[in-house]
Amino acid sequence: MAEALDIWSDLHKYIITQTLITACKLRLFDYMEEVWVSAGDLAKKVDGDESALKHVLYALSSMGYLSVQRPDGDELFTNTDKANKYLVSSSPLSLFPVALSREKSYFLFGNMVDAVKEGKILKADVGDRFREMADDQQKRTGFLQSMDSMVQNFRAPVLMNSFDFSGYTTVCDLGGCTGGLSYSLASAYPRMKITVLDLPNVVTAAEKYRPADGCDNVTFKASDMLTDELPKVDLFLLASIIHDWPLEKVDLIFKRVFEALNPGGAVVIVETLFHEKKEDSNTASHLFSLHMSMLGGGKQWSGLELKECLTRHGFIDVKIHTSDLVYGVVMATKK
């Protein structure tokens, strides 16, 4: 009976995804930050149906995102600390942009049977998709906000607790988006001179994410990492880059990075890492990899797979750092 209930629950988890996306699109968590609100008042704010909205609120409560009280018999709802921290749109660590960005993926995965038969959902080249997104203001804004949220919550904490980077002076953050990881490095290592390399419209839009202190040792350069000349630096940072690409493009990226690195330099890769035995990895790792595979033919890697690939391209002294935050860091040196 318990196993059947687990399966029944798994079959309905798509409702959890849509409930969270809907709550964010309606900005329900913004309306319930530090205040108690009735379903009726919320329905007026979002121009919704009170009865349907109450079902959503109770579902969010069961997931741990809302608290409920009945001072006069009528239900009042407010955010839990978790919702205030991660789902209120103005919170510094908000995952609100991530929730909105997942709506497209949700509908794409409705065609998963076709994807399994044909190899992937989206037929367009990965590079073309990124260029299209960079050129569309609405898509670009949503993507940058989502990536910045992922950096603040996951990638920066993992990177900054992985290895000592004090021996490196010049750094290139390939496909660095808003520069979030570069700002973290620059703050910890003031001597570093970091160049964030990304597509032209991304570079222009990223300026609004610059910290208040200016962080003058971080600069941006418009470029295509697959075709344009890469700078000669001591350290290349590839954060959530290689999972997007099929193997032949990953080989190209590693080849170009190796050639551009100064002798004794290193490449640092931040990715969701599988365990050596993939079946021992957590579900999130497998879902991320499935996501990348279906969308563009990419995948998540294990630390050992990355080590083998990097070694083929001439890198030595490959080190692997794992964490409890799904992400891990792989570092390799050019002799």
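This passage walks through the overall build of one protein chain and then a few spots along its backbone. The model is a predicted one, so everything below is read off computed coordinates.

Starting with the big picture, the protein chain folds up into 15 helices and 11 strands. Its radius of gyration comes out at 22 Å, while the globule rule gives 20 Å for 335 residues; the two values are close, so the chain is as compact as a globular protein of that length. Laid along its principal axes, the C-alpha trace stretches over about 70 × 50 × 35 Å.

What about the inside and the outside? Of the 335 residues, 47% count as buried. The accessible surface adds up to about 17000 Å², and carbon and sulfur atoms hold 53% of that area. Contacts tell us something about how the chain folds back on itself: if we take the contacts with a separation of 6 or more, 68% of them are between residues 24 or more positions apart. As for charge, the chain carries 36 positive and 45 negative charges, and the mean positions of these two sets sit 5 Å apart.

Now for a closer look at one pair of strands. Strand E10 covers residues 316-321 and strand E11 covers residues 327-333, and the two run antiparallel with four bridges joining them. One of the residues to look at here is Ile316, whose bridge partner in E11 is Thr333. Together E10 and E11 make a hairpin, with five residues between them. In that turn, Val326 has a positive phi of about 75 degrees.

Two other residues draw the eye for their backbone angles. Arg27 is not a glycine, yet its phi is positive, at about 55 degrees. Where does Arg27 lie? It is in the loop that links helix H2 (13-25) with helix H3 (28-31). Arg27 is partly exposed there, its relative accessible area being 39%.

Glu34 comes a little further along, on the other side of H3, in the loop between that helix and strand E1 (37-38). Glu34 isn't a glycine either, but its phi is also positive, at about 60 degrees. Is Glu34 buried or exposed? With a relative accessibility of 64%, Glu34 passes the 50% cut-off and so counts as exposed.

How values were computed
Residues numbered from 1 in each chain as written. Predicted model: local features only at pLDDT ≥ 70, side-chain atom pairs only at ≥ 80, totals over all residues. Heavy atoms only, no water. Rg over C-alpha atoms; globule rule 2.2 N^0.38 Å. Buried < 20%, exposed > 50% of the residue type's maximum accessible area, 1.4 Å probe, protein only. Contact = heavy atoms within 4.5 Å. Areas by Shrake-Rupley, 256 points an atom, 1.4 Å probe, with all protein chains shown as cover. Lys, Arg positive; Asp, Glu negative; His and termini not counted. Charge placed at Lys NZ, Arg CZ, Asp CG, Glu CD. Pairing = 2+ DSSP bridges.
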